Amino acid sequence: MTERGRLITLEGGEGVGKSSNVAFVTAWLKARGLEVVATREPGGTPRGEAIRELLLDPAPAEPLCSDAELLLMFAARAQHLAEKIRPALARGAWVVCDRFTDATYAYQGAGRGLDNQRIATLEHFVQAGLTPDLTILLDMPVEAASRRVSSRLDSGGGQRDRFEREQRDFFAAVREGYRQRAEAEPGRFARVDAARSLEAVQTQLDDLLETRIASWR
Ligand code: TMP
């Protein structure tokens with residue numbers, strides 16, 4: 001029987017450098033001969049990406065209520081799991097996902113103030129026990145991360161999406177939400193100080209992957 005692949009997720013607020021580090025982790029695993037599927041949430045499948053457009057639309061025709069936002073996150077996730085993540089894991093591929101359910105607890109739970117119990121109910125319904133094997137939390141102060149987002153946008157990185165338009169208090173709550181998740185599950189989470197240079201972050205990722213993966217063998 002093929003051994004099931006592993007699910008690695010990267011999390012953190014806006015501007016912490018997730019995309020570059022998803023690419024780094026993906027390349028690191030591929031260099032060790034593993035089949036790797038790099039993907040993201042919300043999105044990852046054609047229908048999931050259509051839901052993403054609804055969620056990120058900076059100027060929606062009507063405001064999106066928090067419950068609809070929560071349900072759309074899980075609708076995209078259900079499709080993603082069915083079409084891409086579960087089949088990949090079943091054939092032994094490793095999945096590197098840019099955000100997953102911890103983002104729902106951080107953004108919809110801590111950020112929007114939705115009850116964690118309701119999120120847990122949806123998590124159970126949609127995931128039926130599937131959780132990441134490793135979650136890398138890229139953490140840095142909100143002000144510095146927000147300056148990175150602004151400079152990316154100033155250098156032609158498009159317009160702010162619906163989440164990027166939120167205020168400092170929202171992002172401070174999101175950061176705190178992630179911090180609590182990491183504290184509650186130290187075996188799954190690895191916190192990385194993302195305020196440092198990309199090179200320093202990736203040196204830590206290199207060590208981290210080496211030790212975690214060795215511990216799974
Ligand atoms: P991205 O810009 O990192 O690709 O993510 C899109 C936005 O979606 C980001 O602002 C965080 C938000 N998000 C949630 O609010 N809840 C979720 O469950 C996920 C996966 C993302």
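Two strands count as paired when DSSP finds at least two bridges between them. The views below are taken from a predicted model.

**View 1. The whole protein, with eight helices and five strands.** From the N terminus on, the elements follow the order β-α-β-α-α-β-α-α-β-α-α-β-α. The radius of gyration is 17 Å, close to the 17 Å given by the globule rule for 217 residues, so the protein is as compact as a globular protein of that length. Along the principal axes, the C-alpha atoms fill a box of roughly 50 × 40 × 35 Å. Of the 217 residues, 47% count as buried. Among contacts with a separation of 6 or more, 80% are between residues 24 or more positions apart.

**View 2. Strand β4 (residues 134-139) and the strands paired with it.** Strand β1 (residues 7-11) runs parallel to β4 and is joined to it by four bridges. In this pairing, L10 is opposite I136 of β4. Strand β5 (residues 189-193) also pairs with β4 in the parallel sense, over five bridges. Here L137 of β4 has R191 of β5 opposite it.

**View 3. Side chains of strand β4.** Side chains in a regular strand alternate between the two faces of the sheet. In β4, L134, I136 and L138 point one way, while T135, L137 and D139 point the other way. Are these residues buried or exposed? All of them are buried, those that point one way and those that point the other. With six of its six residues buried, β4 is therefore largely enclosed by the rest of the structure.

**View 4. R179 of helix α7 and L137 of strand β4.** R179 belongs to helix α7 (residues 168-184). In sequence, R179 and L137 are 42 residues apart, and their C-alpha atoms lie 8.6 Å apart in space. R179 has a relative accessible area of 36% and is therefore partly exposed, since the partly exposed class lies between 20% and 50%. L137, by contrast, is buried.

**View 5. The aromatic cluster of Y107, F163, F170, F171 and Y178.** Ring pairs link these five residues into a cluster. The count for the structure comes to five aromatic pairs. In the pair of F170 and F171, the ring centres are 5.5 Å apart and the planes are at 85°, so the pair is edge-to-face. What is the relative accessible area of F170? The value is 7%, and F170 is therefore buried. F171, at 15% relative accessibility, also counts as buried, the limit for that class being under 20%.

**View 6. Two arginines placed over aromatic rings.** The charged end of R162 sits over the ring of F163, at 5.1 Å from the ring centre. F163 is also one of the residues in the aromatic cluster. R181 lies over the face of Y105, and the distance to the ring centre is 3.8 Å.

**View 7. The surroundings of H80 in helix α3 (residues 66-90).** At 0% relative accessibility, H80 counts as buried. Which residues does H80 touch, leaving aside those up to four places away in sequence? They are T39, R40, E41, G43, G44, T45, I85 and C97. C97 is itself buried, with a relative accessible area of 0%.

**View 8. Cysteines C65 and C97.** A search of the whole structure finds zero disulfides. C65 has a relative accessible area of 48%, so this cysteine is partly exposed. C97 is buried at 0% and is one of the residues touched by H80.

**View 9. The surroundings of L29 in helix α1 (residues 18-31).** L29 has a relative accessibility of 0% and counts as buried. Residues up to four places away in sequence aside, L29 touches I8, L34, V36, W94, V96 and I213. I8 falls within strand β1 (residues 7-11). How far apart in space are L29 and L71, C-alpha to C-alpha? The distance is 32 Å, with their positions 42 residues apart in sequence. R179 and L137 are likewise 42 residues apart in sequence, but 8.6 Å apart in space.

Note on methods:
Residues are numbered from 1 along each chain as its sequence is written. This is a predicted model: local features need pLDDT of at least 70, side-chain atom pairs count only at pLDDT 80 or more; totals for chains, interfaces and linings use all residues. Side-chain values use heavy atoms; hydrogens and water are left out. Buried means under 20% relative accessible area, exposed over 50%, partly exposed in between (1.4 Å probe, protein chains only). Helices (H or I, at least four residues) and strands (E, at least two) are DSSP runs, numbered from the N terminus. Rings of Phe, Tyr and Trp (its six-membered ring) pair if their centres lie within 6.5 Å; planes under 30 degrees apart count as stacked, over 60 as edge-to-face and the rest as tilted. A charge sits over a ring if NZ of Lys or CZ of Arg is within 6 Å of the ring centre and within 35 degrees of the ring normal. Contact means heavy atoms within 4.5 Å. A disulfide is a pair of cysteine sulfur atoms within 2.5 Å. The radius of gyration is taken over C-alpha atoms; the globule rule is 2.2 Å times the number of residues to the power 0.38.
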